[in-house]
Amino acid sequence: MQATWFITGASRGLGANIAEAALRAGDRVVATGRKREDVSARLGHDSEQLLSLALDVADPAQAQAAVGAALKKFGAIDVLVNNAGYGHLGFFEETTLQDVQAQFSTNLFGTFNVTWAALPVMRSARRGRIFNVSSLAGILGAELCSLYSASKFALEGFSESLAKEVAPFGLHVTIVEPGPFRTDFLKPESLRFGDKPIADYDERRGKLRASFEERNGQQPGDPLKLAQALVKLASEPEPPLRFIAGSIAVNAVDAKLAAMQAELKRWHATSVSTDGTY
Ligand SMILES: NC(=O)c1ccc[n+]([C@@H]2O[C@H](COP(=O)([O-])OP(=O)(O)OC[C@H]3O[C@@H](n4cnc5c(N)ncnc54)[C@H](OP(=O)(O)O)[C@@H]3O)[C@@H](O)[C@H]2O)c1
């Protein structure tokens, strides 16, 4: 069956690769981005298979309008990909409420806005897939990543709960957790940095920022292969709740789970000692 995909952040990076992979598979794609012309420049003119739309995911009215336009052209949304996102890199103490609001507006509330808009039609259809693009940073906290990680951990909790809420309607939710992939993610035009430096953090900030700069363009993950994996998962009868992408992420998640198991075991007696004797 020819599926209809609705993808956010499809102007470049992973979102553009997913759109291209779905088009190559013969599916229909609603490709959205903050600037419609950037989406068209990357994916080509609209056709029987493709509709490009302007959508800043932080704007709930735009999300509603984009879903409306998608339904007008294709009549359904079978696969929703909440992909739009960026990383704010900074130590928590150096961030501001505005930084937090911006990070969450895109990475978390953006997903809420688009999901609120698309869910009614997907629920009515009683079938469909939702891919929420999280990150290894959605499982693992790291220095400079307090806001980014917080937004992705929140996305994980939301997605895991949503999966249970919509399963009775035949909808599957998959959380996508990539390690480092070679997109524009680490480029200065995608990353954001705070503007409130604190001298005590200068040395570590300098070293960590330099290490991110060095990693830009060297990430081992291939966005084309990740896109192909998602196209494959979209037609799996029982897709996973979590899809970890790339060896770095697989190894890091293995290590985190082992450490959690060890800590759980070590503190087991104290943990269960808090049970009441009512
Ligand atoms: N690449 C990695 O290593 C990696 C690892 C883990 C997770 N991820 C996640 O993968 C997703 C895609 O990132 P990427 O690697 O493809 O990065 P990217 O190359 O920088 O692309 C990011 C995309 O998100 C869009 N975007 C940002 N804010 C938006 C907003 N408010 N509304 C709509 N679109 C918005 C950008 O649009 P513009 O062109 O308009 O800026 C762009 O299309 C993100 O959620 C990211 O957190 C990436």
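Visitor: Which of the 26 residues around the ligand come nearest?
Guide: This model is predicted: local features need pLDDT of at least 70, side-chain atom pairs count only at pLDDT 80 or more, and totals for chains, interfaces and linings use all residues. Numbering runs from 1 along each chain as its sequence is written, and side-chain values use heavy atoms, leaving out hydrogens and water. The shell takes residues with a heavy atom within 4 Å of the ligand. Nearest among its 26 residues are Ser11, Arg34, Tyr148, Thr183 and Ser190.

Visitor: Which residue has a side-chain N or O atom 2.6 Å from an oxygen atom of the ligand?
Guide: Gly9 uses a backbone N or O atom, 3.1 Å from a ligand oxygen. Asp56 uses its side chain, but its partner is a ligand nitrogen, at 3.0 Å. The side chain that lies 2.6 Å from a ligand oxygen is that of Ser190.

Visitor: What percentage of the ligand's area does the protein bury?
Guide: Taken alone, the ligand exposes 890 Å² (Shrake-Rupley, 1.4 Å probe). The protein buries a share of that equal to 95%.

Visitor: How many charged residues are in the shell around the ligand?
Guide: Helices α1 (13-24) and α6 (146-166) each give the shell at least two residues (DSSP runs of H or I, at least four residues; strands are E, at least two). By class, the shell has 10 nonpolar and 11 polar residues. Its charged residues (Asp, Glu, Lys and Arg) number 5.

Visitor: Which side chain makes a polar contact with that of Ser134?
Guide: Ser134 sits in the loop between β6 (128-133) and α6. It counts as buried because its relative accessibility is 2% (buried is under 20%, exposed over 50%, with a 1.4 Å probe and protein chains only). Beyond four places in sequence, it touches residues including Lys152, Leu155 and Ile175 (heavy atoms within 4.5 Å). The polar contact (N or O atoms within 3.5 Å, one able to donate a hydrogen and the other to accept it) spans 2.7 Å, and the partner is Glu156.

Visitor: Within what arc do the buried residues of α8 fall?
Guide: In helix α8 (223-233), Pro223, Leu226, Ala227, Leu230, Val231 and Leu233 are buried. They line one face, because down the axis (directions to the C-beta atoms) they fall within an arc of 165 degrees.

Visitor: Which residues are exposed on the other side of α8?
Guide: The buried residues of α8 have cover that includes β1 (4-7), α1, β6, β7 (171-178) and β9 (242-245). Exposed on the other side are Lys225 and Lys232.

Visitor: Which backbone nitrogen does a side-chain oxygen of Asp222 reach?
Guide: Asp222 acts at the start of α8. Its side-chain oxygen comes within 2.9 Å of the backbone nitrogen of Leu224.
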